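Colleague: I have the model open on my screen and would love a close look at one part of it. Please take me through that part slowly, and then show me how another piece of the chain is packed.

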Amino acid sequence: MVRRHRWDGLRCESRLVRAAAPRMGPLLLIGGAFQSKETWGRCEKLFLANMDVFTVDPPGWGAADPLPPGRSVDVLADAVCHMLDESGLDQVDVVGGSYGSAIAYRIAQRHPARVRRMVLVGTMAAIPEHSRQAMHRALTFLDAGRMDEYARAAVDIMMNAGRLDGITNGARVRRFLLRRLASLSEAEVVQVSTNTQRLLQHAELDTSVPVPAPTLTVTGEHDSFTTPAQCRRMALACGTGWFAEVAESDHMLFLERPTEITDLVTRFLADEPLSGLPYCTRVERLPSIPFPAPRAVGLMSGRQPV
């Protein structure tokens, strides 16, 4: 079921797919900058074996209206909750990937009763300086219409070119992303440009208040964008946090290792043991350590082995 919504004067859309025999509550999936509600592919099919799946195009994504760069992630979080309301979904499990992890985190902070458990894949509290410089460079190519150069610059941010041989499906995923980003439509160029500007303007999540929902943060062992250290730090900032590092992968986990990441997520949401998983290099349950509030809260304003 695809439904159109309006929030704060902006069009957005949702998509609800029912499982044949769900054994768990509904799952909300919030994708990254280049995902839409229809592009979860194999991951969606695997999740549907256990639960209904609700995917979204908040403002700035997919079929939704663009969101001006000056608007913060709070607008996106509230828009997603509005879509849940109009679809009759009260409490959900939430998975946020990359850019979508900031939206998921803010939902858990602003609307804690809506989130039962949460998984943040490829997440970080703040964009490091070297990544900011690379994003500015990619944005320059995008705004100039130099799409091949933009695609290479953007993929170099998201994938660890130096470890490509050690990443499952790495070469195939890189080729796919290069083709996809070089052929963005005019509407997608506007979305990507404004979303990237928003990331750069609001560069830090407010982690000073832990989220109440049990939270798992996940990254690939070779992720050079949202590194394992950054992702683990986000787990520490959550009230009840776990951290998992997936072998032979980097930032593009949903494309590189869809079977493994959906298995890990499903186990966590079902509160099943995470120890001894052959595709994880480490899994930890971490104590809560509150971090100071950032100086300017915007978009990004969001050991004990198991």
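**A strand and its surroundings**

Modeller: Happy to! Glu245, in strand 8, is the bridge partner of Thr219. A word on ground rules: this is a predicted model, in which local features need pLDDT of at least 70 and side-chain atom pairs count only at pLDDT 80 or more, while totals for chains, interfaces and linings use all residues. Residues are numbered from 1 along each chain as its sequence is written, and side-chain values use heavy atoms, with hydrogens and water left out.

Helices (H or I, at least four residues) and strands (E, at least two) are DSSP runs numbered from the N terminus. Strand 7 (residues 215–220) runs parallel to strand 8, and six bridges join the two; strands pair if DSSP finds at least two bridges between them. Strand 8 also pairs with strand 9 (residues 280–286), this time in the antiparallel sense, again over six bridges. There, Trp242 has Arg285 as its bridge partner.

Between strands 7 and 8 the chain passes through helix 8 (residues 228–236), giving a right-handed β-α-β unit. Right-handed means that, with the strands pointing away from the viewer, the path from the first strand over the helix to the second runs clockwise.

How enclosed is strand 8? Six of the six residues in 241–246 are buried, so the strand is largely enclosed by the rest of the structure. Buried means under 20% relative accessible area, exposed over 50%, and partly exposed in between (1.4 Å probe, protein chains only). Gly241, Phe243 and Glu245 point one way, Trp242, Ala244 and Val246 the other, and all are buried.

For your second piece, try helix 6 (residues 170–182). Its buried residues are Gly170, Val173, Arg174, Leu177 and Leu181. These cover an arc of only 100° around the axis, going by directions from the axis to the C-beta atoms, which puts them on the same side of helix 6. They pack against helix 5 (147–158) and helix 9 (253–256), where contact means heavy atoms within 4.5 Å.

Arg174 also has a salt bridge to Asp156, at 2.9 Å from N to O. The two are 18 residues apart, Asp156 being in helix 5 and Arg174 in helix 6, so they link distant parts of the chain. A salt bridge is a side-chain nitrogen of Lys or Arg within 4 Å of a carboxyl oxygen of Asp or Glu. Arg174 is buried at 18% relative accessibility, whereas Asp156 is partly exposed at 42%.
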